[in-house]
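Work through the exercises below with the structure open. Each task is followed by a solution in steps.

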Protein chains: 2
Amino acid sequence: MYAYTAQSLKAELNERGWRMTPQRETILDAFQHLDEGKHLSAEDLHECLEQTGQGISLSTIYRTLKLMARMGILRELELAEGHKHYEINRPYPHHHHHLICVKCNKTLEFKNDTALKAGVRQAEKEGYHLLDCQLTIHAVCPSCQRSIVPI
Amino acid sequence: MYAYTAQSLKAELNERGWRMTPQRETILDAFQHLDEGKHLSAEDLHECLEQTGQGISLSTIYRTLKLMARMGILRELELAEGHKHYEINRPYPHHHHHLICVKCNKTLEFKNDTALKAGVRQAEKEGYHLLDCQLTIHAVCPSCQRSIVPI
DNA sequence: CCCTTAATGATAATTGATGCCGATAGTGTT
DNA sequence: AACACTATCGGCATCAATTATCATTAAGGG
Ligand SMILES: [Zn+2]
Ligand SMILES: [Zn+2]
Ligand SMILES: [Zn+2]
Ligand SMILES: [Zn+2]
């Protein structure tokens, strides 16, 4: 969980016999310039890059998101919309968690070092190499509690 | 997050103008008798009930799992296999979290009251009605760290 | 017991994600 | 700088998990 640059990503890829490509750099760059609190799905990213004239095929987007998540560069989030979202995996003290309303899908971010430390400690204890640690809260937000809409 | 019975489920459903059905009771019962550490997908549950002669259509299974998750009776888990898993949402001190190897999908359960409390406190602070709180750790297990298989 | 309508079951449709393959282009080497 | 090797790309076909549809059934309140 450290901050990646195009250079350090290339180094890590080459070390494993893999390659740096313009597409991978573009995608890393997109996430590095994404505002805190924003999360992109594969489709989101695809459209977003299309609009800035940096179009990348959807296949490559899916492949790269999965690759970067498994390298620990991106966090794979299961919010409440039926598909994965991604954000860059910033180290402490930027690390945060998510509070999700299951009715309206509104998502709040919050920080909690205790939970983070608990995750780090548990991974260490079991000898696991940590990639990401997220405290996810499913709940009903105040306005949805008042609404009469079923479930 | 309290322990449901067929009676209390019926009461809560009726209160919202919904109905208790044999299928819903069967599914609640299946999860209540599931060993700790077991997680079922919709397909798993479908086959499992089929074998004990309590067959329920897959449509109803999907509908009921989603309903119960949104009522807070079941926890919806995003493990590492591309489809959702469910388990009953037991209150403290049975409440637990998951440590997942992203390479082999092996999943360990562990308890951590600190993380649970942090989640409860955060939900309260924002005025959210808590349904579930899970600390999910994505990592690489010791044996997968030694393996040469790419990512 | 009856009426209203929520819920079921069977099937079709959707869709997020992956597999495939010929074409392209990084990387290490000569 | 040119080359060889092969990882990666783009476009498209495919898969599998989930959702939508709708006629039929049955729960629950009066
Ligand atoms: Zn976030
Ligand atoms: Zn809400
Ligand atoms: Zn569990
Ligand atoms: Zn593993």
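A phosphate oxygen of DNA strand D lies 3.2 Å from a polar backbone atom of B:Lys84. The model is predicted.

**Exercise 1. Describe the polar contacts to DNA strand D, beginning with the one above.**

Step 1. The B:Lys84 contact uses a polar backbone atom on the protein side and a phosphate oxygen on the DNA side.

Step 2. A:Ser57 also reaches a phosphate oxygen, but with an N or O atom of its side chain, at 2.9 Å.

Step 3. B:Arg19 places a polar side-chain atom 3.2 Å from a base nitrogen of DNA strand D.

Step 4. Now take the DNA atoms within 4 Å of the protein: 67% are sugar or phosphate atoms, and the rest belong to bases.

**Exercise 2. Describe the protein surface near DNA strand D.**

Step 1. There are 22 residues around the strand, and A:Gln23, A:Arg24, A:Ser57, A:Thr60 and B:Met20 come nearest.

Step 2. Sorted by class, the surface has eight charged, nine polar and five nonpolar residues.

Step 3. Chain A supplies at least two residues from each of α2 (22-32) and α4 (58-71), and chain B does so from each of α1 (6-15) and α4 (58-71).

Step 4. The largest share, four residues, comes from α4(B).

**Exercise 3. Which protein atoms are the donors of the zinc ion (ligand 3), and why is their arrangement irregular?**

Step 1. The donors are NE2 of B:His39, B:His96 and B:His98, two OE atoms of B:Glu87 and an OE atom of B:Glu109, at 2.0 to 2.8 Å from the ion.

Step 2. The six donor atoms subtend angles of 50 to 162°, so the arrangement is irregular. For six donors to count as octahedral, angles other than those between opposite donors must lie between 65 and 115 degrees.

Step 3. Along the sequence, the donor residues are spaced H-x47-E-x8-H-x1-H-x10-E. One pair, B:His39 and B:His98, links distant parts of the chain, 59 residues apart: B:His39 is in the loop between α2 (22-32) and α3 (42-51), and B:His98 is in strand β3 (residues 97-101).

Step 4. Both B:His39 and B:His98 are buried.

**Exercise 4. Treat the zinc ion (ligand 1) in the same way, and decide whether A:Glu87 is buried or exposed.**

Step 1. A:His39, A:His96 and A:His98 donate through NE2, A:Glu87 through two OE atoms and A:Glu109 through OE, at 2.0 to 2.7 Å.

Step 2. Angles of 51 to 163° among the six donor atoms make this arrangement irregular.

Step 3. A:Glu87 in strand β2 (residues 85-88) and A:His98 in strand β3 (residues 97-101) are eleven residues apart.

Step 4. A:Glu87 has a relative accessibility of 5% and therefore counts as buried. A:His98, at 1%, is buried.

Conventions: Residues numbered from 1 in each chain as written. Chains lettered and ligands numbered in written order. Predicted model: local features only at pLDDT ≥ 70, side-chain atom pairs only at ≥ 80, totals over all residues. Heavy atoms only, no water. Near = heavy atom within 4 Å. Polar contact = N/O pair within 3.5 Å; in protein donor to acceptor, adjacent residues only side chain to side chain. Nonpolar A, V, L, I, M, F, W, Y, C, P; charged D, E, K, R; others polar. Donors = N, O, S within 2.8 Å, 3.2 Å for Na, K, Ca; no water. Tetrahedral: all angles 85-135°; square planar, octahedral: opposite > 155°, others 65-115°. Buried < 20%, exposed > 50% of the residue type's maximum accessible area, 1.4 Å probe, protein only.
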